[in-house]
Amino acid sequence: MTTKVEAKPATARRSGPLKGTIRIPGDKSISHRSLMFGGLAAGETRITGLLEGDDILATGRAMQAMGAVMRKHDDVWIIDGVGNGCLLEPEAPLDFGNAGTGVRLTMGLVGTYGFSATFTGDASLRSRPMGRVLDPLRLMGAQVQAEEGDRLPVTMRGPRIARPITYRVPMASAQVKSAVLLAGLNAPGVTTVVEPVMTRDHTEKMLAGFGAELQVDTAPDGVRTISLHGQGALRGQVIDVPGDPSSTAFPLVSALLVPGSDVTIENVLMNPTRTGLLTTLLEMGADIEIIDPRQAGGEDVADLRVKASDLRGVRVPAERAPSMIDEYPVLAIAAAFAEGRTVMEGVEELRVKESDRLAAVAAGLKLNGVECEEGPDWLTVDGVPGGKGLGASASGPAVATHLDHRIAMAFTVMGFASERPVTIDDSTMIATSFPEYMDLMTGLGAVIESVDRAA
Ligand code: S3P
C-alpha cells in the first residue's frame, strides 16, 4: 500500500512580472501510454521527453512487474517489451499511488489475461470509482473482487479466452475508452468502442503507431466508432513526448494574471482534443501568441508567448469540457481575476478526479475572498480584476488540496496575483505530474515558499 508522505504546506505571494522562456515536462497522458505500449510491444521502444512524475514512475514499475525491461540511458528511456499477449502475472499488488490513468488503463491491459492481479493506490485513488472500467471488463469475462462501490483495492482475474465486445462509453472518458481498447488487444476478433463525445485520442493514435490494426469512423453527428482487431503484433517505436498542455496551464495563467509578465513556453502539445483552455482564455481576452505551429512525432505542437492581460468572464459550454477537463481548477483562478462572471457548464466529471474538484475549487476560492457558486455539474465565479482584497494572511487558513496536484498548483497561481498571500495545506502531490513546478515558477520570478506549519 502507498506510504503516506508528510504534507508540506506552501505560501504563494504577489509576484513581480514573470519573465523568461521555459520548457514544460512531457505530457502525462502520452507518457503513461508510452511506457505501457512500449512495455507491451515486441522489441525496443525509445522514449525522449518522458514525464518523470510519480504517476508515470508507478506505471513503469507495474509494467516491469509484468515482464517489461526498462532502463534510462542519458535522456532516453529504453524499453524491451514482452510482445502483445505475453504479459506475466505480477507477483505482488500493483500500487499506482495517485494515478487514475495508470490504474484504469493497466486494468484494461491485463483484464483479458487469464491470471490474477491486484491493484491499489493512495487514499485519493482508493476513493475514486473503478466501476467505469470494471463493468466493460466484466463483459469481456473478467472476474473482479473490489471494495464497496467498485473501489480499490481490486483483484481481477481475466478469462482464459476473452470475449470481444462493442461498448458505448457512458461518460466522456478517455480512460474508459482506452481501457476497453487495451483489453481488446488480447481478445480474439474485433473490439469496438463507441464514443458519443470525442475525448483525447492518444490511445488510438499511438496504438496505430505501434502497429495495431485499428479503424476510427466518425459519423456526421460526431459519434466515433473505434474498432480494434485483437491479438495482432505490436512493434516497439521511437517516441518524443511533447510538453504537457495541462501542466502548461499553470505558468500560462500565472503569466496572464501577474501584471507586466511576458513568458514563452516551448514545445507544447496542441492536439485539438487538449486545447479547450486556450480557446477559452482567448475568448476571455488573453494575449497568447501561438508561435511556429508544427508537427512532431505525429502530434501538433507549438510555442506559446503569453503576456499579462485584462480578462473578462465568459460562458464555457459543456461540449468543450472534454478538451479541457483537467484545466478547470486553473481556469477558475483566471476567472477569479476577470471582469464579470465566468460560468462553467457540464463539468460533473470534475467530481470524480483526484479530488471532488468542484467542491475543492469552490472552497478554496471562498476561503480567499472570491464569490462563487457550485451546482451538481456547474460552477460560477465572479472575478475581482487586479485581485484587490483576495488571498488571506499567510498564517491564516490554508486551502485544502485533498491529495490533488492540480488543486495545489491552481491555488499557488492565485497567490502570485492576489493582494494577500494564498497558502495551500500540501504541495507534495505536485510531484505526481509536475516535479519541476516550483523551480520553474521561481525561475520566472514567482514568489512561493514552503512553510512549516508545525512551528
Ligand atoms: C486522461 C483522461 C482524463 C484526464 C486524465 C488523463 C487520460 O480522465 O482527466 O488526467 O490520459 O486518458 P477521464 O478519462 O476520467 O476523463
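How far does a polar side-chain atom of D326 lie from an oxygen atom of the ligand? In this predicted model, the distance is 2.7 Å. The protein covers 95% of the 390 Å² of accessible area that the ligand has on its own.

Two further polar approaches involve oxygen atoms of the ligand. R33 places a polar side-chain atom 2.7 Å from a ligand oxygen, whereas Q175 contributes a polar backbone atom, at 2.8 Å from an oxygen of the ligand.

The shell as a whole consists of S29, R33, T101, A172, S173, A174, Q175, R200, I325, D326 and K353. By character, these residues divide into three nonpolar, four polar and four charged. Helices α1 and α6 (174-184) each supply at least two residues of this shell.

R33 belongs to helix α1, which spans residues 28-40. With a relative accessibility of 1%, R33 counts as buried, because the limit for that class is under 20%. Beyond its neighbours within four places in sequence, R33 is in contact with G38, T101, L105, A174, S178, H202, T203 and M206. Of these contacts, T101 and A174 also appear in the ligand shell.

K353 is situated in the loop between β19 (341-345) and α11 (357-367). Its relative accessibility is 15%, so K353 is likewise classed as buried. Leaving out residues up to four places away in sequence, K353 touches R128, I325 and D326; I325 and D326 are also among the residues around the ligand.

The UniProt record, an unreviewed entry, lists K28, S29, R33, S173, Q175, D326 and K353 under "binding site". Among them, S29, R33, S173, Q175, D326 and K353 are found around the ligand in the model.

Methods: Residues numbered from 1 in each chain as written. Predicted model: local features only at pLDDT ≥ 70, side-chain atom pairs only at ≥ 80, totals over all residues. Heavy atoms only, no water. UniProt positions renumbered as here; feature names shortened; annotations may be inferred. Helix = DSSP H or I, 4+ residues; strand = E, 2+ residues; numbered from the N terminus. Buried < 20%, exposed > 50% of the residue type's maximum accessible area, 1.4 Å probe, protein only. Contact = heavy atoms within 4.5 Å. Near = heavy atom within 4 Å. Polar contact = N/O pair within 3.5 Å; in protein donor to acceptor, adjacent residues only side chain to side chain. Areas by Shrake-Rupley, 256 points an atom, 1.4 Å probe, with all protein chains shown as cover. Nonpolar A, V, L, I, M, F, W, Y, C, P; charged D, E, K, R; others polar.
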